[in-house]
Amino acid sequence: MKLAALMLLAVACAKEGANNSATASSTTSSSGGSVDLTGAGATFPYPIYSKWFSDYATATGVKINYQSIGSGGGIRQLSEGTVDFGASDSPMSDDEMSKAKGGPILHIPTVLGADVITYNLPGVTAGLKLTSAVIADIFMGRVKKWNDTRIATLNAGVSLPNQDILVVHRSDGSGTTYIFTDYLSTAVPAWKTKVGKGKEVKWPVGLGAKGNEGVAGQVKQTPGSIGYVELAYATQNNLPIAAIRNKSGQFVAASVPAVTAAAAGAAKALPANTDYRISIVDAPGADSYPISSFTWILVYQHQTDAVKGKKLVDFLNWALTEGEKSAVTLDYAPLPAEMATTVKARLGTIDLSGAK
Amino acid sequence: MTSLPVNWLEKEKDRRTLRVDASSFSDKVYEGVTAACALVVPGLVIAIAVAVFAAAWPAFAKLGLSIVTTSDWDVAGGHFGAAPAIFGTMVSSAVALIIATPLAIGVAIFLSEFSPSWLRQPVGFLVDLLAAIPSVVYGLWGIFVLIPLLREHVMPFLRDTLHLGATPFFRGPAYGPSMLAAGVILAIMALPYISSVSREVLMAVPRSQREAALALGATRWEMIRDAVIPYARSGIIGGIMLGLGRALGETMAVTMVIGNRPEISASLLAPGYTMASLIANEFSEATNDLHLSALMAVGAILFVITLIVNAVARWLVWSVSRRRAQ
């Protein structure tokens with residue numbers, strides 16, 4: 001028995017070795033030297049990126065090493081030129097872009113994510129309905145009880161308990177918080193002046209928990225609590241989620257198609273020369289889910305290493321074509337098809353001459 | 001008894017000189033290697049301090065003492081007041097010591113003075129094992145076991161049944177994640193350090209010390225109180241300070257249970273924040289230069305506080321041992 005297992009292992013190893021040597025030889029023949037790409041940045045798209053890198057390595061032999069150290073770290077490392085590409089859940093500011101040592105930076109949208117509002121309300125399992133104004137007031141501590149008339153009028157027929165609302169937010173800097181506060185800042189003027197948007201903000205009320213799992217765990221445990229987490233996380237853990245009223249007045253529960261719809265609505269209004277540093281929160285369209293956002297891969301416009309630059313552009317083209325197809329399986333929303341086309345056209349403008 | 005050979009002395013002399021000659025080179029190497037070890041470690045401490053302070057400098061230059069004195073931490077607004085985090089670090093560590101010290105010394109006294117020898121090893125081993133549990137495991141345990149327990153039973157008991165809610169220290173709603181939860185977790189984490197050092201120190205008290213006290217007619221309790229503990233006091237204080245060092249710097253477990261709210265509240269039931277949690281939470285996503293530098297400044301302040309705690313511990317141990325010597 002043991003012997004059989006050992007032999008199986010040996011065979012597997014041998015096979016792997018053979019595969020490796022095969023891919024290695026193919027890369028050397030195709031491009032004259034195996035150059036790996038390195039990237040660093042956002043943790044939120046890491047599951048889909050790592051699937052892409054693995055699929056891409058299988059298909060082409062190009063190995064990409066990605067460290068999911070957070071958007072901030074990704075931007076810093078790209079600015080210093082220690083990685084070939086960065087990744088971020090929030091667009092870089094003009095100030096950050098001006099500090100990058102390698103010149104102008106392109107934002108390449110890859111997939112979309114969304115935030116959902118999850119809650120723990122004994123007796124209320126069906127989708128609670130909320131509007132941006134009510135969410136903002138709950139997270140600012142102005143709506144304090146679950147049976148507040150403003151919640152009750154949105155949820156006729158639901159018996160809401162006379163219970164204090166406990167707000168749970170992220171304590172760590174995160175793209176999730178950025179999307180959430182970007183949405184409230186866009187939709188609710190009072191939020192914009194009082195709290196604002198950012199990867200971490202000064203929360204008027206509530207408890208801070210670390211990570212999606214921290215927020216979800218806290219909400220799950222505490223009756224009367226409300227919090228926000230990533231759509232993918234909520235879907236995979238079957239959390240109760242609220243339907244949010246979008247710009248067209250429809251209550252929409254978060255789903256992959258609803259997020260892509262939001263992107264499609266926003267993409268139509270994009271000027272041809274957009275730099276893709278765009279926010280799609282509170283997007284128009286009857287089916288659009290309002291708390292949605294792109295996540296970006298950041299690359300330099302002028303690639304100083306022609307070989308690496310070509311590999312990077314090839315990979316991005318592959319990701320926007322083949323990669324997008326596998327996004328749904330991991331609960332990420334793919335780019336709308338017409339947008340993927342324009343982004344790929346933009347990849348063509350990257351300067352691969354290698355001139356320093 | 002066998003008699004020594006006649007020329008024993010001569011031979012021994014030869015051997016000694018020979019050995020010294022042969023080993024002088026290796027002695028030098030040995031000396032060099034150990035000296036390098038001895039210098040590398042303090043060098044590392046200095047290098048870390050320099051790096052942290054250099055990175056923190058822009059924030060100190062721009063914000064000055066307001067980092068320490070103000071309590072408004074608002075990244076978007078450019079305000080970096082870490083007072084709540086400094087307060088939280090101090091309070092959670094103090095709560096931890098208040099809980100852990102009597103427990104740990106109790107364990108140590110039992111194990112060194114009363115425990116049957118067959119029990120001493122296993123109990124001591126299990127207590128020491130607390131130090132080997134990774135802090136993220138403590139954090140998970142905190143979230144899933146400790147916090148529900150505190151919220152459902154302990155907090156209502158303290159606040160309502162004991163009427164401690166009348167004092168500002170136990171007022172307000174019990175959410176679970178709180179300064180108290182952080183203090184309890186830290187107490188459990190600091191306990192093995194205190195108890196293990198105390199136990200060793202108590203065991204090292206000379207037998208004559210105990211016998212003398214008993215001979216004077218002391219009861220067992222009097223013997224421990226008047227003869228054993230005073231003898232071991234400086235060592236026990238050292239152990240407590242070691243536990244305090246552990247509590248001040250702990251990050252992961254505290255972040256998971258403290259509620260991460262940068263506000264100063266007298267109530268132990270209210271959520272709080274610590275310096276280590278603040279850094280852990282915000283560092284990876286900090287892109288703004290001032291924000292990054294402010295986080296480094298918080299690290300530098302934590303460094304200084306740890307240094308002060310260690311200095312105070314040294315001074316305590318020194319003054320206790322000096323008083324005894326007099």
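These are my notebook entries on a predicted model with chains A and B.

**Entry 1. Confidence**

I began with the scores of the model. I read an ipTM of 0.79 and a pTM of 0.82. For chain B, I noted a mean pLDDT of 89, with 92% of its residues at 70 or more. I then went through the elements of chain B. The lowest mean pLDDT among them, 83, belongs to helix 1 (residues 8-63) of chain B, and the highest, 95, to helix 6 (residues 179-203) of chain B.

**Entry 2. The contact between the chains**

I looked up how many residues each chain gives to the contact. Chain A contributes 28 residues and chain B contributes 22 residues. On the side of chain A that touches chain B, I listed the elements that give two or more residues: helix 3 (71-80), strand 7 (207-209) and helix 9 (211-221) of chain A. Helix 3 of chain A provides the largest share of that side, five residues. By residue class, I recorded five nonpolar, 15 polar and eight charged residues on this side of chain A.

**Entry 3. Helix 9 of chain A**

Since helix 9 of chain A appears in that list, I examined its burial. Eight of its 11 residues are buried, so helix 9 of chain A is largely enclosed by the rest of the structure. I wrote down the buried residues of the helix: G211(A), N212(A), G214(A), V215(A), A216(A), G217(A), Q218(A) and V219(A).

**Entry 4. Strands 1 and 2 of chain A**

I next turned to strand 1 (residues 37-41) of chain A, which runs parallel to strand 2 of chain A and is joined to it by four bridges. The bridge partner of G39(A) in strand 2 is Y66(A). Together with helix 2 (residues 46-60) of chain A, the two strands make a right-handed β-α-β unit.

Which side chains of strand 2 (residues 64-67) of chain A are buried? I found an alternation: I64(A) and Y66(A) point to one face and are buried, whereas N65(A) and Q67(A) point to the other face and are not. Y66(A), the partner of G39(A), is therefore on the buried face of strand 2, since I64(A) and Y66(A) share that face.

**Entry 5. Strand 4 of chain A**

I followed strand 4 (residues 105-120) of chain A along its pairings. With strand 11 (residues 292-300) of chain A it pairs in the antiparallel sense over nine bridges, and I105(A) stands opposite Y300(A) there. With strand 8 (residues 225-230) of chain A, strand 4 pairs over six bridges, again antiparallel; here N120(A) faces S225(A). Two bridges connect strand 4 to strand 12 (residues 333-334) of chain A, also in the antiparallel sense, and L112(A) is opposite A333(A).

I then checked the burial of strand 4. Of its 16 residues, 14 are buried, so strand 4 of chain A is largely enclosed by the rest of the structure.

**Entry 6. A sheet of three strands**

I noted an open sheet of three strands in chain A, with the order 5-9-10 and mixed pairing. Strand 5 (129-130) and strand 10 (251-252) of chain A are at the edges with a single partner strand each, so one side of each has no neighbour in the sheet. Strand 9 (residues 243-245) of chain A runs antiparallel to strand 10 of chain A, and two bridges join them. Within this pair, I244(A) stands opposite V252(A).

**Entry 7. Two asparagines with positive phi**

I looked up N238(A), whose phi is near 50°, a positive value in a residue other than glycine. N238(A) is in the loop between helix 10 (231-236) and strand 9 of chain A.

For N260(B), phi is near 45°, again positive in a residue that is not glycine. I located N260(B) in the loop between helix 9 (252-257) and helix 10 (275-282) of chain B.

Is N238(A) buried or exposed? N238(A) has 7 other C-beta atoms within 10 Å and is exposed. N260(B), with 30 C-beta neighbours inside 10 Å, counts as buried.

**Entry 8. G309(A)**

My last entry concerns G309(A), in helix 12 (residues 306-327) of chain A. I found 21 C-beta neighbours inside 10 Å; the cut-off is 20 or more, so G309(A) counts as buried. Leaving aside residues up to four places away in sequence, G309(A) touches Q303(A), I350(A), L352(A) and G354(A). I also noted V299(A), 10 residues from G309(A) in sequence and 9.3 Å from it in space, C-alpha to C-alpha.

Terms used. Residues numbered from 1 in each chain as written. Chains lettered and ligands numbered in written order. Predicted model: local features only at pLDDT ≥ 70, side-chain atom pairs only at ≥ 80, totals over all residues. Pairing = 2+ DSSP bridges. Contact = placed C-beta atoms within 7 Å. Nonpolar A, V, L, I, M, F, W, Y, C, P; charged D, E, K, R; others polar. Buried ≥ 20, exposed ≤ 12 C-beta atoms within 10 Å, placed from the backbone. Right-handed = clockwise from strand over helix to strand, strands pointing away. pLDDT = per-residue confidence, 0-100.
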